[in-house]
Amino acid sequence: MAAAGAATPVGAAPRVGLLYDDRMCAHATPDGEKHPENPERLRAIRRKLDAEGVASRCVDMKAKEAKEKYIASVHTPNHIKLIRDISSKEYDYRRNKTARKFNSIYFNEGSSESAFLAAGSVIEVAEKVAAGELSSAIALVRPPGHHAEHNEPMGFCLFNNVAIAANYLLNERPDLGINKILIVDWDVHHGNGTQKMFYSDPRVLFFSVHRFDYGSFYPCEGDASHCFIGEGAGEGYNINVPWEHGKCSDADYVAAWDHVLLPIAEAFDPDIILLSAGFDAAMGDPLGGCCITPDGYALLLTKLLGFAKGRIVMALEGGYNLKSIANSLCACTKVLLGDNFTYNSPRMQPFESTWRVIQMVRDELKAYWPVLSSKLPDNVPLRSAPSYIEPYASSGSESDVEDVSELPDAISSVNVTQVVDDVLSKHITMLKLDEDNLATKNTSSDSVQAQDDGPVVASTRIYDLPFTWRSALSKVYVWYASFGSNMWKPRFLCYIEGGKVDGMSISCFGSHDTSPPRGTMWKTVPHRLFFGRSSTPCWGTGGVAFLNPEINYNDESYVCMYKITLEQFNDVLFQENRLVKDNSEDGKLESPSSPLIGLSEIESVSSNKALHLEPIKDSWYSNVLHLGEEDGLPILTMTCPSTAVAQHKSGELPLAPPSETYSATLIKGLVEGKQLDANEAANYISSAAARSL
Ligand code: Q9C
Ligand code: ZN
């Protein structure tokens with residue numbers, strides 16, 4: 001058979017495949033722990049499609065397990081074996097341990113079946129659409145796929161479902177006449193796995209639009225930047241549209257469609273479109289921080305229907321707000337069913353950053369897609385970046401920053417005293433990527449690795465990254481509110497500059513960026529100060545300070561706030577939670593490779609007031625609190641989680657007064673900070689230590 005004919009006979013209603021299968025709900029967290037990627041996601045979508053009467057208008061499809069030989073076009077034999085065996089009895093005792101070796105992965109007894117069904121389902125619907133038996137199709141699958149790499153599961157993904165289906169069409173079914181595939185990945189995260197699979201393959205045009213946040217948004221790799229355009233024969237066939245921050249709306253996505261994706265799709269002229277359809281850029285999503293509306297998704301999808309004779313296969317990826325994903329998918333299904341739709345969401349303006357990103361992407365790709373050479377309209381009304389992005393001219397090179405200790409201290413009057421602030425207040429219009437420092441495209445020989453057990457793929461660590469989370473977060477400022485020994489500035493500076501001061505028995509490692517705080521300021525907060533734990537390596541016997549994360553307006557505790565970069569805040573968090581290790585071999589310090597608090601965490605802590613950091617959930621200071629804002633910047637502190645407070649209350653964890661040296665440090669902080677005199681300070685500390693929780 002030659003290339004398939006028109007997918008839908010003229011005038012006939014589109015045949016839309018809808019694949020739903022309860023068996024893909026078997027993959028769940030091992031002990032029923034809460035997790036955003038949970039079985040309810042599929043059920044919520046299914047319920048909505050039923051309730052709206054759209055499911056019954058679709059062609060009902062059932063899942064099929066993928067054959068291993070098809071999965072093997074994308075994954076190594078080791079990886080396939082792992083996913084095949086992970087749910088077996090023999091794995092019971094080490095399943096959780098194995099999961100912890102990977103990045104953001106859990107397994108249970110149902111994972112294996114779900115993973116094989118997810119991959120097989122996308123193959124199944126892609127085949128039917130490619131063959132013209134269906135006009136288009138939706139595969140409601142989980143676990144998702146686009147983060148899964150050649151040899152490892154990652155980011156809630158076990159097998160790369162979409163990549164497997166693409167290879168199936170190209171390699172196993174020449175009879176279907178699919179020679180060119182467009183993969184559109186609108187999940188809010190970069191499709192790192194899919195990008196790598198087809199990086200040098202011109203038959204597959206991979207387009208991903210995602211939050212990048214200068215490299216600080218998951219998966220926090222530089223290869224999500226617009227500079228990664230493919231290599232070898234695939235050069236020009238990999239397109240990343242990397243947002244600089246959250247809050248992107250329909251308008252931003254439509255702009256990326258109109259000015260990047262659609263002109264390229266027109267020129268590429270795909271035979272089929274595979275849509276990595278995550279809905280975590282939807283309004284209300286807890287991870288994405290963007291705000292695409294259901295109408296927005298419907299519009300983006302409508303615009304794609306003009307290509308490949310409308311042959312579109314949607315495969316679910318992320319999306320974690322049950323209502324949002326159900327509504328969005330419902331709107332998309334109606335589009336595929338051919339229902340008329342008018343865009344009714346409030347009209348927004350794209351961000352200025354969006355326009356800049358689109359221009360960068362076009363510049364990068366115009367050599368391959370001449371249609372991108374035209375000039376963008378310059379009269380489009382744009383809005384400025386969300387306020388949490390505080391761009392500064394410098395990321396803290398000493399020369400720009402006056403020594404704050406030279407500046408006069410002011411005396412506290414009321415609740416809030418600004419002592420020194422905004423030493424550096426010179427704003428630039430926006431963070432600008434330094435073009436000269438952008439990653440060079442990889443033409444070097446080590447950028448491609450032949451592997452014994454699989455196809456040739458670009459290796460993971462080939463880039464010398466200009467986009468590290470450190471460089472990104474060094475441009476964002478926060479107020480770190482200290483309530484313990486850090487109130488004494490010389491002691492806090494140990495966390496920045498390294499070393500130790502009077503009373504400390506061990507030295508601090510210091511932060512990567514050793515520039516001093518840009519401001520210092522005192523405040524009182526309606527949280528209870530208490531002393532818990534019985535001893536610490538640094539201060540010896542006695543409790544250390546915590547703030548009860550609960551607000552209680554009868555409480556008034558002093559906090560000394562330091563204006564530091566978000567990079568430094570992460571370094572302080574690392575040190576408070578003992579995550580920095582001295583690699584005595586070469587004297588190099590090792591701290592975690594990704595930040596605990598990036599821009600998206602700032603957003604979520606700002607709206608939820610507290611964020612218990614899952615990766616360090618058992619550490620003492622694993623809870624980040626948002627105490628308010630000062631000159632537009634968030635005030636953050638770190639304390640114990642509420643669960644620890646409960647344990648302190650019940651006696652399961654000890655409460656203990658601070659040691660002599662520790663409380664002397666607190667008192668020095670309050671006195672030198674001009675908040676209290678020596679007597680008042682001593683009373684403040686001893687009464688906090690004496691009160692029961
Ligand atoms: N701070 C998909 O949407 N988050 N995967 C890790 C680190 C992992 C998302 C958080 C997000 C994975 C398919
Ligand atoms: Zn995602």
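Student: What makes strands 1 to 8 one sheet, and in which order do they lie?

Tutor: Two strands count as paired if DSSP finds at least two bridges between them, and by that rule 8 strands form an open sheet with parallel pairing, in the order 2-1-3-8-7-4-5-6. Strand 2 (59-61) and strand 6 (238-243) are called edge strands, as each of them pairs on one side only. Neighbouring strands are turned by 15° against each other on average, direction ignored, where the axes are lines fitted to C-alpha atoms and angles run from 0 to 180 degrees between N-to-C directions. The strands themselves are DSSP runs (E, at least two residues), as the helices are (H or I, at least four), and both are numbered from the N terminus. This is a predicted model, in which local features need pLDDT of at least 70 and side-chain atom pairs count only at pLDDT 80 or more, while totals for chains, interfaces and linings use all residues. Residues are numbered from 1 along each chain as its sequence is written, chains are lettered from A and ligands numbered from 1 in the order in which they are written, and side-chain values use heavy atoms, leaving out hydrogens and water.

Student: How do you know that strand 5 and strand 6 pair?

Tutor: Strand 5 (residues 204-211) and strand 6 share 6 bridges in the parallel sense, and since at least two are required, the pair qualifies. One bridge joins S208 to its partner N240 in strand 6.

Student: What makes a residue a donor of the zinc ion (ligand 2)?

Tutor: Donors are N, O and S atoms within 2.8 Å of the metal (3.2 Å for Na, K and Ca), and sites may look incomplete because water is not among the atoms. Here two OD atoms of D187, ND1 of H189 and OD of D280 lie 2.0 to 2.7 Å from the zinc ion, and they therefore meet the cut-off. The donor residues are spaced D-x1-H-x90-D. D187 lies in the loop between strand 4 (181-185) and helix 7 (192-197), and D280 in the loop between strand 7 (272-277) and helix 9 (294-304), so the pair ties together parts that are 93 residues apart in sequence.

Student: Why is the approach of D280 to ligand 1 called a polar contact?

Tutor: The term means a pair of N or O atoms within 3.5 Å (within protein, one must be able to donate a hydrogen and the other to accept it, and residues adjacent in sequence count only if both atoms are side-chain atoms). A polar side-chain atom of D280 is 3.0 Å from an oxygen atom of ligand 1, and one of H189 is 3.2 Å from an oxygen atom, so both pairs qualify.

Student: What makes the phi of D269 worth a note?

Tutor: Most residues other than glycine have a negative phi. D269 is not a glycine, yet its phi is positive, about 55°.
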